[in-house]
Amino acid sequence: MMKSNYKLTKKDFNQINRRSLFGFQLGWNYERMQGSGYLYTILPQLRKMYGDGTPELKSMMKTHVQFFNTSNFLNTIVTGIDMAIEEKEGIDGQDTVAGIKAGLMGPFAAIGDSIFGALLPTIFGALAANMAVNGNPLGAFIWMLVNFAVMFFRWKQLEIAYKEGISLVTTMQGRLTAITDAATLLGVFMVGALVATMVNVQIAWTPSVGGLVIDVQNNINMIMPRLVPAAIVGIVYWLLGKKNITSTKAIFIVLVVSIALSALGVISK
Amino acid sequence: MAVAWWQILLLTLYAGYQILDELQVYTGLAQPVFAGLVAGLIMGDITTGLIIGGSMQLTVLGIGTFGGSSKIDANSGTVLATAFSVGIGMEPEQAIAAIAVPVASLMIQMDILGRFANTFFAHRIDSKIEEMDYKGIERNYLMGALSWSLSRAVPVLLALSFGGSFVNSIVNVLNNQLQWLGDGLSVAGAVLPAVGFAILLRYLPVKKHMPYLILGFVITALLTTVFTSIRTLGDTMTGVAEGFTNTFTSMPMLAIAMIGFALAFREYKRTSEAPKAAVHNASGLEEGEIDDDEI
């Protein structure tokens, strides 16, 4: 069986990174999700390793076009580990590679989604939005800077993964758990802060009992300022836990209820 | 015509570009706050764009593309809401609830269509693999950019070209016959960020970090009340006393984030040291030195 004699160079890494950064998800589809994207990012390298027109290349291309879906921020870690194995074992590593791809895409999807899909947008998106509603675009540009820093790491991780191989996953595990834990804490803290500032609604209802007008909002303020926004978030949180309630449905329910309560004079801006 | 043809062209181009940015390079240009900024810039009213973009950003704060599921398209919503808000003269908060949110959720269908269209190209790639046609594989792969881009650009183009008079008549009704609905939409626009926060909490380990949720809320609620009150006092003083020239800023959110960061840093220190302690404990057990006091 033919072994590949090709060694990846700096140029190859740059090419994979370029293709990943600017094209990894262009072919996303319901059937195999990022499958064709994975093949696209490493196609030139596969051709160099196995040689054009060989049955090995065709067989490997078929392997790499299969179902794949992971975080598009961490996909090149899987690619790097994959490339190291294929470089060493060639077509013999086919099953190993398929197994590693299938085994790693889930965990990396989870890590990537929680850090890049939820946490960074929470912290920096919230800052940006907070400044934006006051007419200040500065926060948005701070967020953009952070994204460029993330891009730098996305570019670097491929080569690190290639060098460290599968052992990287185990060494990363401990540190990642600690980082994720700290980051989610910051996320939760920030949501608390946002609830207190960004939901600007109050009770407009002022019932009069025996000639005495009660300012409900004022009474609430004495208990705890910003209690109304906290209660609304709590209710929506509870609502989202119900079956068949998607985020889109929740948005529309809030829309309708808010309009109704406003029309009845219960709440105002 | 409320929105000029060159504005429509630029907004359409942005709508087509932003989805590609979000999928790949992720500069941030594909976030609602930037959609508002860009649309505001094109329409010549950045403040309105930022208000709409910022509010939509908060509304979708916790919504990501998890596992490739479609999410509501806040960007297209923001672009259209900003364009009509500036072009026709609609209150930004009303535009959020009346245009941005409905458009954003309707656009889910376009997202599904775009992803579906790519299945066609995926099958073409399969046959190109059989033929060992490498250029063909790449060409069919890159065609995916078309389905993505057009799925956003075409609806935005159509809505901007033909939606103007429709939105215009809606605004008219909201400001006259249906005043209560117009006000209601404004209130709804102010409440919507609450949904974003609630969704986000669903994704975060709230129960584990509950104390920090309370801390974040209480610290900020108290400080924002203090800052707002001082500001109100200051403004009133300026009007009354001539020699009073101090100005007060609003509460800096970054400072609050720093408190949160300090707490998170402590947690990181604690958890990254914890495994060592556990190992130590385990080895202690092996030697048979069980410390009952520790329990």
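**Exercise 1. Domains of the two chains**

Task: State how far apart the C-alpha centres of domain 1 and domain 2 of chain B lie, and name the bounds of these domains.

Solution.
- Step 1. The C-alpha centres of domain 1 of chain B and domain 2 of chain B are 35 Å apart. This is a predicted model.
- Step 2. Now read off the bounds. Domain 1 of chain B covers 5–201, and domain 2 of chain B covers 205–294.
- Step 3. Repeat for chain A. Its assignment gives domain 1 (10–192) and domain 2 (200–268).
- Step 4. In chain A, the C-alpha centres of domain 1 and domain 2 lie 42 Å apart.

**Exercise 2. The make-up of chain A**

Task: Count the helices and strands of chain A, give their order, and decide whether the chain is a compact globule or more spread out.

Solution.
- Step 1. Chain A holds ten helices and four strands.
- Step 2. Starting at the N terminus, the order is α-α-α-α-α-α-α-β-β-β-α-α-α-β.
- Step 3. Compare two radii. The radius of gyration of chain A is 26 Å, while the globule rule gives 18 Å for 269 residues. The value is well over the rule, so chain A is more spread out than a compact globule.
- Step 4. Look at the box. Along the principal axes, the C-alpha atoms of chain A fill roughly 95 × 35 × 35 Å.
- Step 5. Check burial. Of the 269 residues of chain A, 46% count as buried.
- Step 6. Check the contacts. Take those in chain A with a separation of 6 or more: 68% of them join residues 24 or more positions apart.

**Exercise 3. Helix α4 of chain A**

Task: Test whether the span of helix α4 (residues 75–89) of chain A agrees with 1.5 Å a residue, then find what covers its buried residues.

Solution.
- Step 1. Helix α4(A) has 15 residues. The expected span uses one less than that number, times 1.5 Å. For α4(A) this should come to 21 Å.
- Step 2. The end C-alpha atoms of α4(A) are 21 Å apart, which agrees.
- Step 3. List the buried residues of α4(A). Among them are N75(A), T76(A), I77(A), V78(A), D82(A) and E86(A).
- Step 4. The cover over these buried residues includes α1 (10–23), α2 (35–50), α5 (94–132) and α6 (138–164) of chain A.
- Step 5. Move just past the helix. There G90(A) takes a positive phi of about 60°.

**Exercise 4. Two positive phi values**

Task: Place R226(A) and N244(A) in their loops, and say of each whether it is buried or exposed.

Solution.
- Step 1. Recall the background. Most residues other than glycine have a negative phi.
- Step 2. R226(A) has a positive phi near 65° and is not glycine. N244(A) also has a positive phi near 65° and is not glycine.
- Step 3. R226(A) sits in the loop between α8 (216–223) and α9 (227–240) of chain A. N244(A) sits in the loop between α9 and α10 (247–263) of chain A.
- Step 4. Apply the cut-offs. A residue is buried at 20 or more other C-beta atoms within 10 Å, and exposed at 12 or fewer.
- Step 5. R226(A) has 22 such neighbours, so R226(A) is buried. N244(A) has 5, so N244(A) is exposed.

**Exercise 5. Chain B and its confidence**

Task: Count the helices and strands of chain B, and find which elements have the lowest and the highest mean pLDDT.

Solution.
- Step 1. Chain B has twelve helices and zero strands.
- Step 2. Of its 295 residues, 48% count as buried.
- Step 3. The mean pLDDT of chain B is 84, and 90% of its residues reach 70 or more.
- Step 4. Among the elements of chain B, α12(B) has the lowest mean, 72. Helix α2 (residues 32–43) of chain B has the highest, 95.
- Step 5. Look at residues 277–295 of chain B. Their pLDDT stays under 50, and the model has two contacts for them beyond four places in sequence.

**Exercise 6. Where the chains meet**

Task: Describe the contact between chain A and chain B, then follow F217(B) across it.

Solution.
- Step 1. The contact takes 100 residues from chain B and 93 residues from chain A.
- Step 2. On the chain B side, helix α12 (residues 253–286) gives the largest share, 14 residues.
- Step 3. By class, the chain B side has 65 nonpolar, 29 polar and six charged residues.
- Step 4. F217(B) lies in helix α11 (residues 210–240) of chain B. F217(B) has 24 other C-beta atoms within 10 Å, so F217(B) is buried.
- Step 5. In chain A, F217(B) touches G192(A), A193(A), V195(A), A196(A) and A230(A).
- Step 6. For the complex, the predictor gives an ipTM of 0.81 and a pTM of 0.81.

Definitions and conventions
Residues numbered from 1 in each chain as written. Chains lettered and ligands numbered in written order. Predicted model: local features only at pLDDT ≥ 70, side-chain atom pairs only at ≥ 80, totals over all residues. Helix = DSSP H or I, 4+ residues; strand = E, 2+ residues; numbered from the N terminus. Contact = placed C-beta atoms within 7 Å. Nonpolar A, V, L, I, M, F, W, Y, C, P; charged D, E, K, R; others polar. Rg over C-alpha atoms; globule rule 2.2 N^0.38 Å. Domains from an automatic or database assignment. pLDDT = per-residue confidence, 0-100.
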